[in-house]
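Let's take a walk through a protein together. Have a look at the sequence and the 3D view, and then we'll start with one helix and work outward.

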Amino acid sequence: MNIPKSCDVVVIGGGPGGSMAATFLSQKGYDVVLLEKQKHPRHRIGENIIPTFWKYADLAQVSDKIIAENFLQKSAGIVAWKGSVKKLAFKDFGFSRSALHVERDRFDHILIENAREKGAQVFEEVSVLDTHLNESNQEQNVTYRINEDKTSGQIACRFIVDASGQGAVIGRKLGIRVVDQGFRFMSIWGYFKNSKYMDSDGKIHPWENLRTIPPVTFQCSIPDLGDWGWTWHIPQRDRTSVGLILPIEAMKTAKPTSESWESYFLRKCYEIPYLSQLLENAQYCQGDFGKINDYSYRLTQVAGPGYFMIGDAAGFIDPIFSIGVPLAMYSAYLAAWAIDRCLKNPDSLGQNQALFTKQLQGRYEVSRSLALPRYESGEQVSKLAKTAVQLQSQMEQELMYVVSTMSTRSDNFSDLVTNENGQRVTSDKLQVISELETIVI
Ligand SMILES: Cc1cc2nc3c(=O)[nH]c(=O)nc-3n(C[C@H](O)[C@H](O)[C@H](O)COP(=O)(O)OP(=O)(O)OC[C@H]3O[C@@H](n4cnc5c(N)ncnc54)[C@H](O)[C@@H]3O)c2cc1C
């Protein structure tokens, strides 16, 4: 492995954030080294990709490859929350391109290969062990270890982009990764073959119809966990991803300690209304059960001397509105923009880091507002979030508003979205489905 001793930018991690940052920086002509500790294709959870990602895919010149992969296109999202069933279709908001249900091993592999093709030097199975941040901003250093032969080395660079996801290499080192007490959630998931699925009219179809009648992403609140727990059903090309989001506090009593998480998962899958129906006669895929604990956290600082954090390494709130991947891509774009400006004009460093921070933390705050389970009166809706929302197009604002009304978890969001006259945005694009069909077509 011929890892260089120096470069302009080291990117830690080759998920969507890191691969896109490496691509954008390479497109700008910088010498980029990306270090990824795993080998692609590698599994990741987070398979519902909303269409806002296409604009970044276009900028990275990777859209054609994603289209050629022929991932499953979804038609809408249906949410059954505490008895009320609502549907949202992106095309009603003016989105001309489809949201996708992707296998993340394949999707992420396409992105990292694209980074390589655009000129980034990509090294897989190389773990970053440490970063040595230089306050004077002259030179940063990254220590890595090659997994196979355990040899280690160092790269000197001008900037580090931390895209290490939940690993949050720099955040953990600096002790600035703060668990979000409002969102103590965990998630468990698994995969099923031959699951039935729901179409955009709420009708249930057999698996075989998937390519002719597109599926929805189906989400449903979990009755005994109130507003807090919910489940996803995401059909993909060969199998269906099913997951539960569980509030950690409630789980102290909701699951007997003698029961394994996997058997709890399977039991709940067949207890939850609609989901149990979709999974009737489906075959569970043994060996692919997954679990992640306590995944919500913020970083008190997302940029500093010589570094920018992006994607999950900069914060992760909650997957309820599936904005993780587009947000990782957006932050990658923002970091590349800021680094380019800093390298061209070193005196602008402070200004660019401040701009990056403001934009990114605003987006995370929006995501927090969208996912907040309960509106606590007196809570100040963040100014940062309001600015971040107002910077987005009317189409995206309206979409966010509607999305926030699909569950009862984000009443506060309407305060963020106002039109030019200061009036709240409303929308007639949310369809209430009075009753879900239970007929198998
Ligand atoms: C339960 C759950 C459901 C989700 N559902 C969705 C969804 O439906 N839609 C959606 O858009 N998002 C979803 N997300 C979020 C989404 O998966 C993430 O936001 C997204 O993967 C972030 O991309 P990233 O590149 O920042 O991080 P990652 O995809 O995690 O990539 C980080 C990479 O860094 C590498 N790495 C880590 N440490 C090191 C190191 N020390 N050295 C070298 N490499 C390192 C890792 O191996 C990894 O490949 C979900 C998340 C969870 C927890």
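Which residues of α4 are buried? Keep in mind as you look that this is a predicted model. The buried ones turn out to be R104, F107, D108, L111, I112, N114 and A115. Those residues cover an arc of only 155 degrees around the axis, which puts them on the same side of α4. So what sits over that side? The cover includes α1, β2, α3 (63–69) and β8 (121–124).

Now look at α4 as a whole. This helix spans residues 104–117, so you can count 14 residues in it. From its first C-alpha to its last it reaches 20 Å, close to the 20 Å expected at 1.5 Å a residue. Just past the end of α4 you'll meet G119, which takes a positive phi of about 115 degrees.

Time to zoom out. The protein has twelve helices and 26 strands, and 47% of its 441 residues count as buried. You can also ask how far apart in sequence the contacting residues are. Take the contacts between residues at least 6 apart in sequence: 72% of them join residues at least 24 apart.

Next, find the ligand. Where does it lie relative to the domains? Domain 1 (9–47 + 103–180 + 296–359) and domain 2 (74–99 + 185–293 + 382–441) both give residues to the shell around the ligand, so it lies between them. That shell holds 38 residues, and the closest are G15, G46, G165, G311 and G324. Several elements supply at least two shell residues each, among them α1 (16–27), β2 (32–36) and α9 (324–344). You may remember α1 and β2 from the cover over the buried residues of α4. As for chemistry, the shell divides into 15 nonpolar, 18 polar and five charged residues.

One last stop: H233, which you'll find in strand β18 (residues 230–235). Is H233 buried or exposed? A residue counts as buried if 20 or more other C-beta atoms lie within 10 Å of its own. H233 has 26 of them within 10 Å, so it is buried. Leaving out residues up to four places away in sequence, H233 touches F218, T240, V242, L275 and L278. Now look for C220, which is 13 residues from H233 along the chain; the C-alpha atoms of the two are separated by 8.8 Å.

Methods:
Residues are numbered from 1 along each chain as its sequence is written. This is a predicted model: local features need pLDDT of at least 70, side-chain atom pairs count only at pLDDT 80 or more; totals for chains, interfaces and linings use all residues. A residue is near a molecule or strand if its C-beta atom, placed from the backbone, lies within 6 Å of it. Helices (H or I, at least four residues) and strands (E, at least two) are DSSP runs, numbered from the N terminus. Ala, Val, Leu, Ile, Met, Phe, Trp, Tyr, Cys and Pro count as nonpolar, Asp, Glu, Lys and Arg as charged, and the others, Gly among them, as polar. Domain bounds come from an automatic or database domain assignment. A residue is buried if 20 or more other C-beta atoms lie within 10 Å of its own, exposed if 12 or fewer, and partly exposed in between; C-beta atoms are placed from the backbone. Two residues are in contact if their C-beta atoms, placed from the backbone, lie within 7 Å. The expected span of a helix is 1.5 Å times one less than its number of residues. The arc is that of the directions from the helix axis to the C-beta atoms.
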